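Work through these exercises with the sequence and the model open side by side. Each task is followed by a worked solution.

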Amino acid sequence: MNQVSLSLANKYRPQTFDEMIGQQHIIWILKAKMQSSRDSLQNYLLCGPRGTGKTTSARILAKAINCLNPQDGNPCNQCANCQAINTGTTLDYVEIDAASHTGVDNIRSEILDKALYPPTDLKKKIYVIDEVHMLSKWAFNSLLKTIEEPKGNVCFILATTEIQKVPETIISRCQVFNFKKVPNDEMSEHLANICNKEQLKYDTGALELIANISEGCVRDAVKYLDQVSILWEITQENVSKFLGVSSEASIKSFLDTIKTGKREEVFASIEQISNDGIDLYQFTKQLIGFIDKHLLEDTDFYLQVSEIFGEIIRQIRYYPYPAVIYKIALNKYLNPNTAHFVLPWEKEMSKEQRGFGRKEVSQPSIPIETEKKKAEEKILSSWTNVKDLEPTKAESTKPEIAQKERQTPNNSDYIALLNTIIAKTTTPMVQGFLKEHAVIETIENNIISLIVTNMTAELNIQKNKVELEKLFSEELWIATNVVITFENKEAYFARKIAS
Ligand SMILES: [Zn+2]
């Protein structure tokens, strides 16, 4: 029977490469390497989405490297070395989480001091550094120095979800393994195995549903199963109730209702879904996933509605009444020719750009209306107290005046800095978006907080975050992080005026 004390995730954490799921493309190479004798100077970099088994693999790898009685490249989990790593009783195996403060201190003492000495009880000293991209420049340099002068008895296993933030010099000294999201069918099979071992009753649809909402993350999937398992029966209904998600059948039925075009029925469905405690954000994700999977079955209809859901999902978290957003968006789709409420995110679109329309193709939202712009300038000038100046070019031309009348201390510096970055940005569209809709709010330590007052602009600027960080870093001579936040214009200016 179920051991309540141990979470399913811990209980079923793979202990050998063969128990790993969804990463066969990596596992066979690792096993082959473990069986070959030419592994002596290797470091590893494991990258990929969260919850796909990077840290678990790192631990298995550490055991396989040190195992006294390996089985086809797998660790035996019985010998003294495997046991020492499993129970955490050896100082030669060190796991460091670079995302934590203690992680940084550990790196200092571990990498600089202790890695110099040979292992005391294992064959090789193993350092697992999780979320390695979080290391500071300084820590990366020390790591690099250690890796550059390889010692046969020390091995680094680095893991990261963001390989683009790991310096090239580190990457080039490691063998890189790309983990991928676990496919739904393998995930369901994995969950079924756990259910069988735990003697839990289940239906396949329920496990597919869990696999579906876990989006390839084993950790989440097993956690969900664990939560629902207190009901003993893993049925679609239980999963749906317990996790606030919809079954595939209800997703399909909701889409069918939309297709009938009957507004009252659509609204009633939305009410029902909302009253059932379904999280509408998760529901929208499921809808999009369903459409993606079944697109060829009803292509025209699915393409039309997917546009609505695409918009909804981008906005739904910003509004307190998600069901209302749903009704407004779908009403517009069902009755494209009647006058409607303006959706929050449409306030910045022109009339022609509004509305999805059952037969029309919707336009991407681009620039703001002139009157809006005028209002913005008016408010901006009252904010900076420099009436005749344009907000973006602004004070660089009249620095002294600006200096005196300015209310926000670094305002003109920020504008000048942003203008420099805009000039250096390589994508014209992003350049335009930055110019029209972005303001530097604060620069604190090395964090640049950028407020963007337009949704489309925000999405595009987000996509180019890496380039922006590079440009800011070059300009300011420090490694910078750019934090991009959407805030609608009204709210932004209201806040500025209030302060
Ligand atoms: Zn062993």
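Helices (H or I, at least four residues) and strands (E, at least two) are DSSP runs, numbered from the N terminus. Residues are numbered from 1 along each chain as its sequence is written. This is a predicted model: local features need pLDDT of at least 70, side-chain atom pairs count only at pLDDT 80 or more, and totals for chains, interfaces and linings use all residues.

**Exercise 1. Place Glu 19 and decide whether it is buried, exposed or partly exposed.**

Step 1: Glu 19 sits in the loop between α1 (8-11) and α2 (24-35).
Step 2: Apply the cut-offs. A residue is buried if 20 or more other C-beta atoms lie within 10 Å of its own, exposed if 12 or fewer, and partly exposed in between; C-beta atoms are placed from the backbone.
Step 3: Glu 19 has 16 other C-beta atoms within 10 Å, so it is partly exposed.
Step 4: Look across the sequence. Asn 74 is 55 residues from Glu 19, yet their C-alpha atoms are 9.8 Å apart.

**Exercise 2. Find which residues touch the most other members of the largest nonpolar core.**

Step 1: Define the set. A nonpolar core is a set of buried Ala, Val, Leu, Ile, Met, Phe, Trp, Tyr and Cys residues joined through C-beta atoms within 7 Å.
Step 2: The largest core holds 44 residues, and Leu 46, Leu 61, Ala 62 and Ile 157 touch the most other members.
Step 3: A separate, second core has 22 residues, among them Tyr 202 and Ile 234.
Step 4: Now take Leu 46. Two residues are in contact if their C-beta atoms, placed from the backbone, lie within 7 Å. Leaving out residues up to four places away in sequence, Leu 46 touches residues including Ile 157, Phe 177 and Phe 179.

**Exercise 3. Describe the surroundings of strand β3 (residues 125-130).**

Step 1: Count burial. 6 of the 6 residues of β3 are buried, so the strand is largely enclosed by the rest of the structure.
Step 2: Sort the directions. Lys 125, Tyr 127 and Ile 129 point one way, while Ile 126, Val 128 and Asp 130 point the other way. In a regular strand, side chains alternate between the two faces of the sheet.
Step 3: Find the partners. Two strands pair if DSSP finds at least two bridges between them. β2 (residues 93-97) pairs with β3 in parallel over 5 bridges. β4 (residues 154-160) also runs parallel to β3, joined by 5 bridges.
Step 4: Follow Val 128. Glu 95 stands opposite Val 128, and in β4 its bridge partner is Ile 157.

**Exercise 4. Check the length of helix α16 (residues 322-334) and locate its buried side.**

Step 1: The expected span of a helix is 1.5 Å times one less than its number of residues. For the 13 residues of α16 that should be 18 Å, and the end C-alpha atoms are 18 Å apart, which agrees.
Step 2: The buried residues of α16 include Ile 325, Tyr 326, Ala 329 and Tyr 333.
Step 3: The buried residues of α16 cover an arc of only 155° around the axis (the arc of the directions from the helix axis to the C-beta atoms), which puts them on the same side of α16.
Step 4: Their cover includes α12 (248-260), α13 (263-275), α14 (280-294) and α15 (299-315).

**Exercise 5. Identify the edge strands of the open sheet β8-β9-β10.**

Step 1: The sheet has 3 strands, with mixed pairing.
Step 2: β8 (438-444) and β10 (481-486) each have a single partner strand, so they stand at the edges.
Step 3: β9 (residues 447-452) pairs with β10 in parallel over 6 bridges. Leu 450 has Ile 484 as its bridge partner in β10.
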